[in-house]
Amino acid sequence: MPPFVNLSIYLVVGFAGGLIGLYSRVPAGTMLGAVLAVVSFKYYLNVSWATPKAYGFIGQVCLGVLVALTYTPGMVEKLSNIFMPMLFSTLMLIICGIVLAVVMVKWCSMDLATAFIATSPGGMSALVPMAVDMKVNPTLIASFHFFRIFLVVLTAPVIFKIILIIQKKFSGF
């Protein structure tokens with residue numbers, strides 16, 4: 001089949017999964033639903049249609065535009081007020097990513113570049129295209145990030161409730 005037809009089928013399947021995820025009211029359900037739908041489609045029908053490199057470029061540009069659309073002029077001032085904690089937090093996550101990457105190299109026999117991107121903080125939507133550009137294993141990286149996002153989405157509401165209970169308990173001090 002022509003690549004445009006393949007992509008169209010993937011988009012329809014992903015859109016359906018995204019809608020199911022949206023209406024399930026699960027945090028990040030739209031993205032998770034789309035990913036699960038396309039992965040399930042490919043797995044159960046045993047298809048792996050190639051998509052031209054230009055489609056990845058178009059997707060990255062669209063994602064970049066979506067991220068840029070969240071920018072507001074007041075953001076620079078707000079971010080400047082929390083720059084040092086934000087920098088510290090990010091550096092700690094990167095250091096943890098490096099340590100985890102070394103562990104993954106030992107445990108899973110994966111190369112260091114793949115392990116680092118798989119364990120690095122950041123969104124799957126940014127790191128998977130980077131993996132493709134860097135010629136490392138994007139499927140493995142997507143799997144790591146998908147699992148991380150899925151687990152965070154599943155546990156975040158429970159953790160949030162525990163935090164509220166603790167906060168309420170100690171608010172009298």
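What average pLDDT does the protein chain have, and what share of the residues score at least 70? The structure described here is a predicted model, and the protein chain averages a pLDDT of 86, with 99% of the residues scoring at least 70. Confidence varies between the elements of the chain: the lowest mean, 80, belongs to H7, whereas the highest, 92, belongs to helix H5, which covers residues 83-108.

The protein chain contains 8 helices and 0 strands. Read from the N terminus, the order of its elements is accordingly α-α-α-α-α-α-α-α. Along the principal axes, the C-alpha atoms occupy a box of roughly 65 × 40 × 35 Å. The chain has 173 residues, and 20% of them count as buried. Its accessible surface amounts to about 12,500 Å², and carbon and sulfur atoms contribute 77% of that area. Among the contacts in the protein chain with a separation of 6 or more, 48% are made by residues 24 or more positions apart.

The nonpolar interior was examined next. The largest nonpolar core has 12 residues in all: Leu 32, Ile 117, Ala 118, Met 124, Leu 127, Val 128, Ala 131, Val 136, Ile 141, Phe 146, Ile 149 and Val 153. Two or more residues of this core come from each of H6, helix H7 (124-134) and helix H8 (138-170). Apart from this core lies another one, of 6 residues, which include Tyr 10, Val 13, Ala 37 and Phe 41. Met 124, a member of the largest core, illustrates the contacts made in this region. When its neighbours within four places in sequence are left aside, Met 124 is in contact with Met 31, Val 35, Pro 129, Ala 142, His 145, Phe 146 and Ile 149. Of these partners, Phe 146 and Ile 149 are also listed in the largest core.

Thr 119 belongs to helix H6, which spans residues 112-119. Thr 119 counts as buried because its relative accessibility is 15%, and buried means under 20%. A polar atom of the Thr 119 side chain lies 2.9 Å from the backbone oxygen of Gly 97. Gly 97 is also among the residues that Thr 119 touches, together with Leu 100, Ala 101, Met 104 and Phe 144, residues up to four places away in sequence not being counted.

A further set of contacts involves Asn 6 and Trp 49. Asn 6 lies in helix H1, residues 3-23, and Trp 49 is found in the loop between helix H2 (29-44) and helix H3 (53-69). With a relative accessible area of 4%, Asn 6 is buried. Trp 49, by contrast, is partly exposed, since its relative accessible area is 23%, and partly exposed denotes values between 20% and 50%. Beyond residues up to four places away in sequence, Asn 6 touches Met 1, Trp 49 and Ala 50. Trp 49, with its neighbours within four places left aside, is in contact with Met 1, Asn 6, Ile 9, Tyr 10 and Phe 41. Met 1 thus appears among the contacts of Asn 6 and among those of Trp 49. Two of the partners of Trp 49, Tyr 10 and Phe 41, are also among the residues of the 6-residue core. The C-alpha atoms of Trp 49 and Val 5 are separated by 9.9 Å, although these residues are 44 residues apart along the chain.

Two loop residues have a positive phi although neither is a glycine. Asn 46 has a phi of about 50° and is placed in the loop between H2 and H3. For Ser 109 the value is about 55°, and its place is in the loop between H5 and H6. Asn 46 counts as exposed, at 71% relative accessibility. Ser 109 is likewise exposed, with a relative accessible area of 69%.

Finally, the cysteines were considered. The structure holds 0 disulfides. In the case of Cys 108, the closest cysteine sulfur is that of Cys 96, at 17 Å, and so the two are too far apart for a bond; a disulfide requires sulfur atoms within 2.5 Å. Cys 108 is partly exposed, with a relative accessible area of 40%. Cys 62 also counts as partly exposed, at 44% relative accessibility.

Notes: Residues numbered from 1 in each chain as written. Heavy atoms only, no water. Helix = DSSP H or I, 4+ residues; strand = E, 2+ residues; numbered from the N terminus. Buried < 20%, exposed > 50% of the residue type's maximum accessible area, 1.4 Å probe, protein only. Contact = heavy atoms within 4.5 Å. Areas by Shrake-Rupley, 256 points an atom, 1.4 Å probe, with all protein chains shown as cover. Polar contact = N/O pair within 3.5 Å; in protein donor to acceptor, adjacent residues only side chain to side chain. Core = buried A, V, L, I, M, F, W, Y, C linked by side-chain atoms within 4.5 Å. pLDDT = per-residue confidence, 0-100.
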